[in-house]
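Reader: I'd like a close look at one part of this protein. Can you walk me through it in plain words?

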Amino acid sequence: MKIPQELHFAASHEWATEPADGIVTVGISDFAQDQLGDVVFVELPDVGRSLAAGEAAAVVESVKTASDIYAPLAGEVVEVAQPGRFRVGDRVVVMPQNGCGKCARCLSGEHIHCENPVDPAAICGCTTGRATYAEYCIQQDWLLFAIPGDVSYDHASMACCGLGPTFNAMQMMHVDVFDVLLVSGLGPVGLGAVVNARFRGARVLALETNPWRADLARRMGVEAVIDPTSETALQEILDLTDGRGADKSIETSSAEGAPAFLVQATRRKGHLASVGWGGPLLAREIVAKGLTVHGAWHWNHLRDGEAMWRTIRGSAGLLDLQITHGFPMRRVQEAFELQLTGRCGKVILHPTE
Ligand SMILES: [Zn+2]
C-alpha cells in the first residue's frame, strides 16, 4: 500500500494535495481503492460546482458496493479526471463498429466479429455514436488505439480501413517476400493491399479496369495490372507465374464474379482472402485445388498494434502515393464527387480544418 507523505488524508479515505495556485487535487486512498475491488462506474461532479467541506461530491461503484466520495475541503470544481484509458488531447485511431468487450471474440481483439454487439446508444445515450463523417464521434475506450508521437494523423488514419482489412488478410495468409500476391480491385482498400504487400516484399499483380488507378498502382510498385474483363486475363496471370497462378490472392472489389475468378487465378494449395463482399465461391473448385479461404473484415489492434505501426512507419513513401487527396470536412461534397470519378486513391477528410 502506498501512503505518499505529501498528501493529506481524511478519515473517510479521501486525500488532498497541498494547494498550488489555489488548486488542490483530490483522490481516494490506496486502501479504499483496494477495499472497493473492481470499479465499474464513477460519477464525478460537474466542473464549476461549488462544494462545502464534507459534502458528497462523487460516487464510486464497484463490484462490491457503491460509496460516496466527500469533498475534504470547500471549493469549486475546476477539472475532473477522466475515467478510462485516455485523456483529453491524446491522439488515437478509432476502431470501427462496436463490440461487447466481454465475449471471446472481443477479448482476443476480434471485436468486429463480436457475438453480442452493443448498441452505442445504450452505452452513451447517443444514437449517432457510430458516425464517422463527423468532427467528433463516440467510441468505447478499449476500441481506441494510441498513435505514436512520430506518426502523422494522415498516416495513422490508414490504421483503420485504409490498411486494416488487407493487413489482416496478409497476417492470415502470412504474405512475405517469397509470394506472388494477386490483388483484385485497386480502390482505396485494394491500394492498401498493395502497400501492405510491398512492405512485406511480395511480388504484386493486380486486377483493375480503371486506368487512372492502374497507373497509380504501377507507380506504387505493382508489376502488372490486368483488366479482369479481358478474355485473356487468366492466361496473363498464368504467364506471369510460370503457369501456376498466384501464391495468394486478395479480393477487395466486391465485384460479383471476382471471388470465383481468384479461385481460378490462385495456385494449387494457395490462399485466398476476401475483404470484399462479392459473389459466390464453389466448394468443389476450392477442394480440388486445396485452397485455404479467409474472410478478412478488420484487423486485430490488440494483437497486432506493433506490426501495424511498423508497416506504417516503413511505408511512408507508399502511403504518400496511396493518399492522393485531402479535404477539410466542410468540403466533404467535393471529396465525394472526386471519389465518384475514380481518379483518386485514398481521400482523407480533415475534421478540424
Ligand atoms: Zn463481444
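In what sense do strand β17 and strand β18 pair, and over how many bridges?

Author: Happy to, and keep in mind that this is a predicted model. Strand β17 covers residues 323–328, strand β18 covers residues 346–350, and the two pair in the parallel sense over five bridges. If you want a spot to click on, try H325: its bridge partner in β18 is V347. To get from β17 to β18 the chain goes through helix α13 (residues 332–341), and that β-α-β crossover is right-handed.

For another parallel pair, look at the open sheet of six strands, ordered β13-β12-β11-β14-β15-β16. The pairing there is parallel. β13 (224–226) and β16 (292–295) sit at the edges with a single partner strand each, so one side of each has no neighbour in the sheet. From one strand to the next, the twist averages 20°.

Within that sheet, strand β11 (residues 180–184) pairs with strand β14 (residues 246–251) in the parallel sense, over four bridges. Here the residue to click on is V183, whose bridge partner in β14 is I250. Helix α6 (residues 188–199) packs on the sheet and touches β11, β12 (203–207) and β14. The direction of α6 makes about 170° with that of β11.

As for where things fall along the chain, the protein is divided into domain 1 (8–76), domain 2 (92–146) and domain 3 (164–295). Taken over C-alpha atoms, the centres of domain 1 and domain 2 are separated by 30 Å.

Note on methods. Residues are numbered from 1 along each chain as its sequence is written. This is a predicted model: local features need pLDDT of at least 70, side-chain atom pairs count only at pLDDT 80 or more; totals for chains, interfaces and linings use all residues. Two strands pair if DSSP finds at least two bridges between them. Axes are lines fitted to C-alpha atoms, for helices over the stretch in contact, and angles run from 0 to 180 degrees between N-to-C directions. Two residues are in contact if their C-beta atoms, placed from the backbone, lie within 7 Å. Domain bounds come from an automatic or database domain assignment. A crossover is right-handed if, with the strands pointing away from the viewer, the path from the first strand over the helix to the second runs clockwise.
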